[in-house]
Amino acid sequence: MALRELSSLEKFVGLKRQKKISTQGERKVPVLQNNNGSSLIGLVTISSHLVSEAKKTELLGESVEQRAVVQQWLEYRLTRLDNCSQDEVNIILTELNEYLVDKVYLAGNSITLADALMYYGIHHIISELAVQQKEKYLNVTRWFDHIQHYPGVRHHLPPVIVLRNRVYQSNQH
Amino acid sequence: MKLFVSEGNPQCVKVLAALEHTGVKCDLQLLGHEEKVVSFLSRPVLPAVLLPSGQQLFSANAICQYLFEVGGKEITDTSRQLLEWEATELQPVLLQALHVAVLQGKSSEAGTLLKVTLSWLEQFLSGKSTQFLTAETVEVADIVLWSALYPILSDSDLNAGELHLVRGWFKRVSQLPACTKAVQAILPGKALSALKNFLQKQPALHTQRRENLPSETEEAEHVMTEEEIEVAGQTFSGGLAESRVTVERKHPVLPKEGKRNVLVTSALPYVNNVPHLGNIIGCVLSADVFSRYGRLRGWNLLYVCGTDEYGTATENKALEEGLTPQQICDKYFAIHDAIYKWFQIDFDYFGRTTTQQQTEISQNIFFRLLERGFLQEDTVEQLRCEHCQRFLADRFVEGVCPHCKYPEARGDQCDKCGRLINAVELKDPLCKVCGKTPVIRTSKHLFLNLPKLEGELEKWLEQSFSTGDWTANAKQITRSWLRDGLKPRCITRDLKWGTPVPLEEYRDKVFYVWFDAPIGYLSITANYTSDWEKWWKNPQQVELYNFMAKDNVPFHSVVFPCSLLGAQDNYTLVNNLIATEYLNYEDTKFSKSRGVGVFGDMAKDTGIPSDVWRFYLTYVRPEGQDSSFSWADLALKNNSELLNNLGNFINRAGMFVSKFFNGCVPEIVLQDEDKRIIAQVAWELKQYIQLLDKVRIRDALKCVLNVSRHGNQYIQINEPWKKIKGGDEDRKRAGTVTSVSVNVACLLSAMLEPYMPTVSQTIRTQLQAPDNCASAMLGAEGYFLRSLPTGHRIGTVSPLFQKLDSEQIEILRKKFGGQQGPSKKSSTTETKPPTAAEHIANQRKK
Amino acid sequence: MAAGTLYTYPENWRAFKAQIAAQYSGARLKVASSPPAFTFGQTNRSPAFLSNFPLGKVPAYQGDDGFCLFESNAIAHYLSNDALRGSTPQARAQVLQWVSFADSEIIPPASAWVFPTLGIMQFNKQATEQAKEEVKRVLAVLNQHLNTCTFLVGERVSLADITVVCSLLWLYKQVLEPAFRQPYPNVNRWFVTCINQPQFKAVLGEVKLCEKMAQFDAKKFAENQPKKETPLKKEKAGKEAGKQQPQQQQEKKEKEKKKEEKKPAPPAEEMDECEAALASEPKTKDPFAHLPKSSFVLDEFKRKYSNEDTLTVAIPHFWENFDREGYSIWYSEYRFPEELTMTFMSCNLITGMFQRLDKLRKNAFASVILFGMNNSSSISGIWVFRGQDLAFTLSEDWQIDYESYSWRKLDVDSDECKTMVKEYFAWEGEFKHVGKPFSQGKIFKKACATEDAHAKVLNFFGSSELLPENKKVVYQRRASRSACAPGGATSPV
């Protein structure tokens with residue numbers, strides 16, 4: 001998973017040469033070998049590094065505050081979202097739904113690495129949601145649809161069809 | 001800016017330390033563990049920071065990073081890595097260790113838990129020459145890790161290993177005044193005991209958090225054991241056994257001793273209504289996929305269905321069109337038949353309910369019920385429309401449901417709450433034909449005494465539930481019915497077009513459709529073979545599957561079984577009731593009157609092949625919940641799954657054989673990698689079998705796509721198109737890879753047959769696959785065999801699927817989006833502009 | 001890639017649409033919103049402007065290639081790229097839908113509600129309440145749509161978002177206080193996101209959302225009203241009425257009018273001119289500051305000219321006091337007489353030029369005459385400037401017209417000069433060099449009152465030269481000097 005994500009991310013930020021990335025351990029943590037022999041470990045670490053290398057640092061946040069928020073959601077993706085149990089899924093969706101009521105992006109007013117990695121991480125959940133559930137977590141769905149349409153983000157993942165009009169009236173849930 | 005912390009919360013140590021160290025101005029507030037600061041999080045999380053802009057931060061590490069950055073320090077790659085490591089590797093283990101140490105008092109065990117993790121840190125430090133983790137000065141990583149490790153490393157009881165370097169670093173950081181201050185504030189006294197309160201309040205540790213969601217994550221790769229791989233390799237190499245020959249289907253299909261005899265029915269479509277995609281996937285298509293599968297599995301299977309023809313609707317239509325009801329039925333039966341043929345629904349027999357056998361069998365059951373005292377007479381109040389001069393059939397009355405107040409409840413059932421009602425119970429009823437309010441008149445009718453049969457029904461249901469495969473919704477609907485209490489159901493009506501009630505006083509009456517329609521299953525079988533009773537009065541040998549949409553469940557699980565139980569004639573009752581939810585159309589519902597949605601015959605005119613429709617409809621089959629048909633999604637799935645995944649793989653495999661190996665399947669020399677993919681494919685095949693056995697049609701389809709996906713990856717990694725130009729060794733590799741791939745393609749043709757019969761046949765023709773390979777591989781638990789041996793000559797390979805481009809799709813979507821207005825009553829095949837189909841046809845020519 | 005100039009007064013939300021669109025598309029847009037490039041009320045009244053933009057309204061766009069556009073939506077559309085306009089026929093139609101929505105559903109109630117709070121319009125309780133309800137309805141529609149959509153059309157910012165945001169700008173700034181906008185979380189989310197996009201920010205700057213609903217600003221409204229015309233009665237007295245009192249009132253009125261150069265049009269007219277009242281006028285420094293003081297007091301001459309007989313008093317006074325070092329005399333002739341058609345239009349040319357040279361009045365005097373008749377006329381005049389060079393080059397504001405004229409510096413001592421001065425100042429004479437009869441004359445000496453006042457004057461004196469509706473020429477001066485305020489002792493504006 002991490003390998004494909006990172007490969008997509010490379011394309012998103014416009015890096016030409018594909019890096020040598022492998023995985024280690026049973027959790028399949030990605031490892032990036034640098035040319036000088038040192039290595040970087042961890043999905044968020046490597047992603048941030050790629051973004052900096054591509055000189056797209058705005059994706060990490062343009063202000064101190066925005067950077068902290070980006071960091072926070074990246075951590076959330078790794079510690080709460082990845083490998084969560086079925087019960088956790090609903091909790092996460094509810095939390096994100098609440099958070100996204102008045103936001104278009106997870107951090108600030110522009111797309112950041114937080115949106116991209118959260119999108120990759122949550123894709124398998126969203127694609128399995130039924131129509132009613134997508135309407136229940138309306139803000140998450142809206143955010144998801146926006147990110148998946150963002151040029152360059154979606155590479156390795158199939159798009160999820162989101163219907164625009166509500167089929168189910170809200171009082172049925 | 002405000003920082004909220006709580007005492008005894010280890011995460012708070014780091015933020016406080018960071019605050020002290022960086023000297024950032026901030027208000028501090030001490031809260032209890034339960035207090036919720038961040039509104040959108042479901043559990044109270046501390047520490048939390050409220051920034052002046054209104055933004056909230058709830059991640060301790062992010063807060064620390066923020067504080068350091070505000071203080072002027074930027075975060076480096078190494079810092080990030082350490083923070084990530086802390087959050088993803090250290091914290092989970094740490095929490096567990098603390099739990100064990102503090103709440104269970106087992107300090108030594110805690111230490112053991114941490115050994116591995118901390119040794120990594122030790123190793124990390126050994127590669128560093130700086131005083132602190134990332135630099136010569138204390139940075140954010142130091143604060144974060146120090147704070148996290150404080151409870152462990154400050155306690156001498158906990159032995160987490162030698163850790164010279166770690167302890168050295170730890171001591172250096174401890175000397176910071178910021179750290180001491182933070183610790184004093186949050187963890188006064190002995191760290192471990194201070195944590196007790198906090199740890200007790202934490203939710204249960206998710207030790208089982210690492211489970212992968214089965215078949216939902218794209219690459220939830222089943223970890224193959226060495227054994228599995230070996231076995232798979234061997235089975236594969238074993239090849240097709242010579243003796244397995246497919247048996248040609250001979251009609252009439254009858255139960256055989258020693259075989260699994262499966263009887264499949266699909267809910268009889270009402271003859272007058274042209275079926276739409278939702279009807280099709282709900283009933284006939286689902287049953288067809290299962291039936292084709294069953295036959296491949298070697299079951300002795302009979303699949304029957306037919307049109308349900310009696311009732312007032314037909315009567316009215318006949319009047320409208322100036323024909324007799326029989327003529328109407330003939331006309332529409334042909335339409336249904338044509339539609340299902342186009343969809344390649346392989347009924348063993350598709351019949352009708354207006355036959356002599358229907359009358360015989362239903363009257364027979366009727367008499368037996370009467371004799372055994374399960375029928376009672378009563379006068380009934382019925383709605384009679386004086387204007388139309390007749391008693392209104394249930395479907396001709398609409399009113400307000402007395403239970404749930406739904407304003408469009410029909411005369412026999414409320415669409416919204418699903419309850420069965422009598423038309424007279426409706427509030428504000430109106431005659432659907434003329435719109436006038438009907439009056440209530442009395443009439444004598446016969447009732448099936450469901451309450452009397454309740455006990456027996458329940459006994460049978462319990463057994464059927466537990467031994468058979470009922471979909472969850474079917475069970476639930478049935479149970480709620482029983483809970484509400486069964487009432488006698490009226491089984492006669494004042495109509496002309498129907499099965500006549502064979503009693504003198506009831507000579508003007510016919511059977512109510514929901515009494516005799518299910519009997520149609522029997523009579524249709526009777527039209528197929530005079531030995532119909534071998535299927536229908538043979539519960540010991542026969543397994544009965546009923547396929548339907550959820551609104552038909554009560555009739556199939558309660559009313560009809562009661563009729564059969566009451567008749568006491570050893571009738572076969574349903575073992576497996578498969579009910580689907582509703583299929584929506586785009587953002588709304590199918591509606592013939594508004595011209596919204598694709599109805600049976602229109603699919604043909606789109607130019608999109610029948611198999612593609614079958615594929616998509618099964619892909620979105622509404623199993624656990626309602627689903628939606630979407631044109632955009634149809635195009636997407638066609639292009640991504642059929643074209644790019646399935647089609648691409650099979651085509652490539654075949655092309656390699658043609659181009660590089662002169663059309664002959666090359667030799668195989670299995671290496672580890674090849675064995676691995678064979679094992680993977682074999683595993684998917686097993687999943688497929690298990691799922692389809694349980695009628696999990698949608699999930700099984702995913703297995704098919706997984707196989708193809710693995711295939712694509714396998715080819716991609718091994719690059720046979722390159723290797724073929726290389727030396728001997730390389731060419732041999734190319735040969736093996738090609739050969740394995742083309743065999744996988746052969747397996748795919750078998751797995752695809754229930755879903756896409758034409759495509760499946762095409763593949764087999766292209767590969768010149770032996771006839772028996774499908775049934776060989778799908779037998780028992782499923783064996784992935786090498787069905788195409790070395791030297792096998794294949795046929796001409798060509799692409800299986802066409803791309804659907806967005807323009808075509810837009811044209812189609814508009815066409816079916818409801819702009820036409822109410823469609824003409826008698827024509828079902830309207831003249832369509834040929835653009836969309838032509839477009840697709842033109843594409844094909846390219 | 002489009003490149004050109006956008007004429008507008010500052011802070012014009014209609015212009016923002018085009019400006020933001022240009023930010024996205026990369027079109028090179030110069031914004032001409034303040035003098036000397038653009039003076040609202042003057043530049044857009046000039047014939048040059050009107051010939052390109054007949055309505056005389058802003059924003060108006062002129063490409064570097066000469067292509068002209070008015071109507072803010074058209075300009076924004078032109079300056080956009082395909083992504084903003086909509087990349088499929090459906091998307092394009094949707095964009096158009098929202099743009100129309102903004103104009104027909106948002107602007108009317110928004111204006112009705114907001115303008116009284118800016119003091120531009122009279123407050124009407126019923127109208128305001130109705131406007132509030134309308135706004136609620138409109139926000140509800142937007143909110144519903146934005147439930148499932150991040151932006152109005154598709155997944156990216158489009159002209160629809162730009163247009164609707166700009167249309168809602170004043171609402172969000174003035175009256176949509178937190179409680180009022182709370183039921184529309186999606187609209188708020190979308191609005192905040194848009195205005196924080198870098199392209200929006202570059203044009204709008206920091207947008208502060210309303211904290212408390214603004215109320216009718218009665219004081220400002222009173223200020224913006226045109227004053228009562230009591231001095232006009234005095235004007236009737238003609239040149240004899242050289243009383244201080246009315247003169248002073250007149251001067252004061254002129255002064256005030258000068259300060260608020262943007263006039264409040266009656267509420268029924270286009271609102272953007274009203275909003276112009278919000279823009280402030282920058283102060284320009286005196287272009288003549290570099291010249292030494294002169295002995296010739298131009299104002300005094302002007303007074304004499306206005307009040308006394310020209311031939312016997314004013315002209316001799318002129319020659320007596322004229323300072324040839326400090327001032328120069330020029331002969332000017334309109335270079336394109338063949339283009340002159342109707343005489344009244346030609347007169348407008350002259351007065352238009354005078355208008356634009358308003359600031360020059362302190363340091364110049366001129367008498368320009370229209371000769372001939374319809375379709376056969378010419379214009380020429382005598383100009384007296386401070387300094388030895390053409391004054392026009394001293395300030396960018398004054399350069400629009402002068403190139404249409406040929407300029408010849410006259411030798412002060414020559415007979416020719418003396419004759420010309422005599423003839424042109426008195427509006428009598430042979431005018432040998434012209435060859436056409438005298439038709440009308442215009443004097444450039446003092447700023448006169450606003451168009452309203454002059455229109456009233458005009459009507460009062462029964463002007464026979466009514467202007468066509470769409471030519472907003474300031475005023476018409478009659479041949480007789482009595483139409484103008486008599487010269488007075490106080491210094492002119």
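**A strand pair in chain B, the fold of chain A, and where the chains touch**

In this predicted model, Cys385(B) has Arg390(B) as its bridge partner in strand 9 of chain B. That pairing is part of a link between strand 8, covering residues 375-385 of chain B, and strand 9 of the same chain. Two bridges hold the link, and the two strands run antiparallel.

Zooming out a little, these strands belong to an open sheet in chain B. The sheet has four strands, arranged in the order 9-8-13-14, and the pairing is antiparallel. Strand 9 (390-391) sits at one edge and strand 14 (489-490) at the other, since each of these chain B strands pairs on one side only.

Now for chain A. Its secondary structure adds up to seven helices and three strands. Reading from the N terminus, chain A goes α-β-β-β-α-α-α-α-α-α. The chain has 173 residues, and 43% of them count as buried. As for contacts within chain A, take those between residues at least 6 apart in sequence: 63% of them join residues at least 24 apart.

The two chains also meet each other. The contact draws 45 residues from chain B and 39 residues from chain A. On the side of chain B that touches chain A, helix 2 (60-70), helix 3 (77-103), strand 20 (627-629) and helix 23 (631-660) each supply at least two residues. Sorted by character, the residues on that side of chain B come out as 13 nonpolar, 18 polar and 14 charged.

Note on methods
Residues numbered from 1 in each chain as written. Chains lettered and ligands numbered in written order. Predicted model: local features only at pLDDT ≥ 70, side-chain atom pairs only at ≥ 80, totals over all residues. Buried ≥ 20, exposed ≤ 12 C-beta atoms within 10 Å, placed from the backbone. Contact = placed C-beta atoms within 7 Å. Pairing = 2+ DSSP bridges. Nonpolar A, V, L, I, M, F, W, Y, C, P; charged D, E, K, R; others polar.
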